[in-house]
Amino acid sequence: NLSKRLLTVANYVPQDASLADIGSDHAYLPAYLALKEQIRFAVAGEVVRGPYENACHELRKEGLTDIIKARLANGLEAIKVTDKIDTITICGMGGPLICNILEDGRAKLVNHPRLILQPNVGAADVRRWLMQEEYTVVAEEILSEDGHIYEIIVADYIPNQAHMTDLDLEFGVYLRKEKNAAFIAKWSEEVHKMKRVIQQMDKAKVVPLEKKQLMEDNVARIEGVLHGES
Ligand code: SAM
């Protein structure tokens, strides 16, 4: 049974895709897609031996070793030109790590595959990298599962369309307009944490005013998005 998080990612993989799932661990995502006949071919890339072996085990168990190749490699080095990859998923890592993987692997992006990214933190970094590379965010999801909130960003290479404002980068182009329950929960929690820090600053009395002001500005910005017209 695939998690709601990875099912949501799977929804954005085009029919008959050639997929590279980087940091695949058990290869649950490509295995699910292959069993559904949604993909033609996949690479399950892993940089760590244990997770790589998890993937090999899962693929043998499901009889999928023809369609899905598990490869022990760093980031996009798992992809060969002959794979003709048109979709890349990178899920369950921090935003800065996802950006590093994409940046280091730029040579593998010359055919401009669709990118489906699920940063655990630092989604703004991911959106900034996409904008800089002329990828356009075409869809976003935010969902909560088992007490965690996850963001998913889907981007296609569409030059000259990619301008995002600072609010878009931080809160999401679509997410900040939709403001669904998971979005409100995530950012309300953020405000709650910041207000607690401000209270502690007040008690400590020695905190520089600029620091407190910065925190208060952050709270105001988030509350503006939560309660504003968007
Ligand atoms: N993608 C799966 C998911 O979302 O459920 C597994 C996520 S798991 C938390 C992150 C995986 O990324 C780990 O198995 C780790 O070994 C792998 N990883 C981290 N850095 C990597 C890199 N540079 N290249 C390939 N895999 C990497």
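These legends go through close-up views of a predicted model.

**View 1. Seven strands form one open sheet.** The sheet has 7 strands in the order 3-2-1-4-5-7-6. Their pairing is mixed. Which strands stand at the edges? They are strand 3 (68-72) and strand 6 (135-145). Each has a single partner strand, so one side of each is left without a neighbour in the sheet. From one strand to the next, the twist averages 15 degrees.

**View 2. Strand 1 pairs with strand 2.** Strand 1 covers residues 17-22. Strand 1 and strand 2 run in the parallel sense, and 6 bridges join them. Look for Asp21: opposite this residue stands Ala44 in strand 2.

**View 3. Two helices pack on the sheet.** Helix 2 spans residues 28-35. Helix 2 touches strand 1, strand 2, strand 3 and strand 4. The direction of helix 2 makes about 170 degrees with that of strand 2. Helix 4 also packs on the sheet. Which strands does helix 4 touch? Its contacts are with strand 1, strand 4 and strand 5 (114-119). Between the directions of helix 4 and strand 4 the angle is about 150 degrees.

**View 4. A crossover links strand 2 to strand 3.** Strand 2 pairs with strand 3 in the parallel sense, over 5 bridges. One residue to find here is Gly45, whose bridge partner in strand 3 is Arg71. The chain leaves strand 2, passes through helix 3 (residues 49-61) and reaches strand 3. This β-α-β crossover is right-handed.

**View 5. Strand 6 and strand 7 form a hairpin.** Strand 7 covers residues 148-157. How many bridges join strand 6 to strand 7? There are 10, and the two strands run antiparallel. Tyr135 faces another tyrosine across the pair, standing opposite Tyr157 in strand 7. The hairpin has 2 residues between the strands. Asp146 takes a positive phi in this hairpin, near 50 degrees.

**View 6. A shell of 17 residues surrounds the ligand.** The closest of these residues are Gly23, Val47, Pro51, Cys91 and Gly92. Strand 2 (39-46), strand 4 (87-93) and helix 4 (95-104) each give two or more residues to the shell. Which element gives the most? Strand 4 does, with 3 residues. By class, the shell holds 9 nonpolar, 6 polar and 2 charged residues.

**View 7. Domain 1 meets domain 2.** The domain assignment of the protein places domain 1 at 4-169 and domain 2 at 182-227. Their C-alpha centres lie 33 Å apart. On each side, 5 residues are in contact with the other domain. Where does the largest share of the domain 1 side come from? Strand 6 supplies that share, with 3 residues. The residues on this side of domain 1 divide into 4 nonpolar and 1 polar, with no charged residue. Strand 6 thus links two views: this strand stands at an edge of the sheet, and it gives residues to the side of domain 1 that touches domain 2.

Conventions
Residues are numbered from 1 along each chain as its sequence is written. This is a predicted model: local features need pLDDT of at least 70, side-chain atom pairs count only at pLDDT 80 or more; totals for chains, interfaces and linings use all residues. A residue is near a molecule or strand if its C-beta atom, placed from the backbone, lies within 6 Å of it. Helices (H or I, at least four residues) and strands (E, at least two) are DSSP runs, numbered from the N terminus. Ala, Val, Leu, Ile, Met, Phe, Trp, Tyr, Cys and Pro count as nonpolar, Asp, Glu, Lys and Arg as charged, and the others, Gly among them, as polar. Two strands pair if DSSP finds at least two bridges between them. Axes are lines fitted to C-alpha atoms, for helices over the stretch in contact, and angles run from 0 to 180 degrees between N-to-C directions. Two residues are in contact if their C-beta atoms, placed from the backbone, lie within 7 Å. Domain bounds come from an automatic or database domain assignment. A crossover is right-handed if, with the strands pointing away from the viewer, the path from the first strand over the helix to the second runs clockwise.
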